[in-house]
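Please open the structure in your viewer and keep the sequence beside it, since this tour moves from one selection to the next.

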Amino acid sequence: MLRACLGLNYHGRMEELPGAFGSSASLALRLGQTVFSTASLLFMCLDVDFYGYTAFCYLVTVMGLVIPWSITLLVVDAYSVFIKCLPLQRRLVMIVFLGDMILSYLSLAAACSTASVTDLLLDADRSYCPAKLCGRYQLSAAMAFLSWFLSSASCLFNFWLFPSL
């Protein structure tokens, strides 16, 4: 237990996998996920008419799932970084990996669908989507893509950590 708390491997050396669960890089990834997914949700919800398109509703739903997941893991990573004692268990890392993987796929789908519908609305006619409104939709999709990128990076880092446990 002491080895796991100190982050020592069986040879007595410190294991520091960048971006892995419980590290300062993971804390930065979670903070970025939280900021970008919150920004995506806010930019989409600034307009009352977002519910008129299924892709926009899907983005709001997915970002509504990503935000609590990211905040929860942000708190756990902050605890691990500042208290310096979080035993990494195989089951815990597997849950984090699977959650990141699922939310990463959902975020990518939501960002792609939002970007494509916004592009379609801009190409169809300006009457469907005024420039200011579509600009917010595009910004929301961009924030969702950034959130997806950080989520997939976190997923890959935790996948890399998993065999060493």
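The stops below go from annotated spans to the core, then to the rings and the cysteines. Keep in mind throughout that this is a predicted model.

**Annotated spans.** Begin by selecting residues 50–80, 92–117 and 137–162, which an unreviewed UniProt entry annotates as "transmembrane region". If you isolate residues 50–80, you will find that the span is 87% helix and 0% strand, with its end C-alpha atoms 39 Å apart. Moving on to residues 92–117, you have a span that is 100% helix and 0% strand, and here the end C-alpha atoms lie 37 Å apart.

**The largest nonpolar core.** Next, select M44, F50, F56, L59, M63, C129 and Y137, which, of the 20 residues in the largest nonpolar core, touch the most other members. To see where this core comes from, colour helix 2 (24–45), helix 3 (54–83), helix 4 (90–124) and helix 5 (131–161), each of which supplies at least two of its residues. Helix 3 gives the most to this core, contributing seven residues.

Now centre the view on L59 and show what surrounds it: apart from its neighbours within four places in sequence, L59 is in contact with S40, M44, A110, A111, T114, S140 and A144. A second core, separate from this one and made of seven residues, can be found by selecting A20, V96, L161 and F162, which are among its members.

**The aromatic rings.** How many aromatic pairs does the structure hold? There are four aromatic pairs in the structure, and the one to display here is formed by F56 and Y137, whose rings are tilted, 4.3 Å centre to centre with 40° between the planes. This pair links distant parts of the chain, since F56 belongs to helix 3 and Y137 to helix 5, and the two are 81 residues apart. Both F56 and Y137 are buried. Add Y53 to the selection, and you will have a cluster in which ring pairs link Y53, F56 and Y137.

**The cysteines.** Finally, select C57 and C45, and ask why C57 is without a disulfide bond. The closest cysteine sulfur to that of C57 is in C45, at 9.3 Å, which is too far for a bond because a disulfide needs the two sulfur atoms within 2.5 Å. By this rule, the count of disulfides comes to zero. C57 is partly exposed, because its relative accessible area is 24%, whereas C155, a last residue to select, is buried, with a relative accessible area of 8%.

How values were computed
Residues numbered from 1 in each chain as written. Predicted model: local features only at pLDDT ≥ 70, side-chain atom pairs only at ≥ 80, totals over all residues. Heavy atoms only, no water. UniProt positions renumbered as here; feature names shortened; annotations may be inferred. Helix = DSSP H or I, 4+ residues; strand = E, 2+ residues; numbered from the N terminus. Buried < 20%, exposed > 50% of the residue type's maximum accessible area, 1.4 Å probe, protein only. Core = buried A, V, L, I, M, F, W, Y, C linked by side-chain atoms within 4.5 Å. Contact = heavy atoms within 4.5 Å. Phe/Tyr/Trp six-rings, centres within 6.5 Å; stacked < 30°, edge-to-face > 60°.
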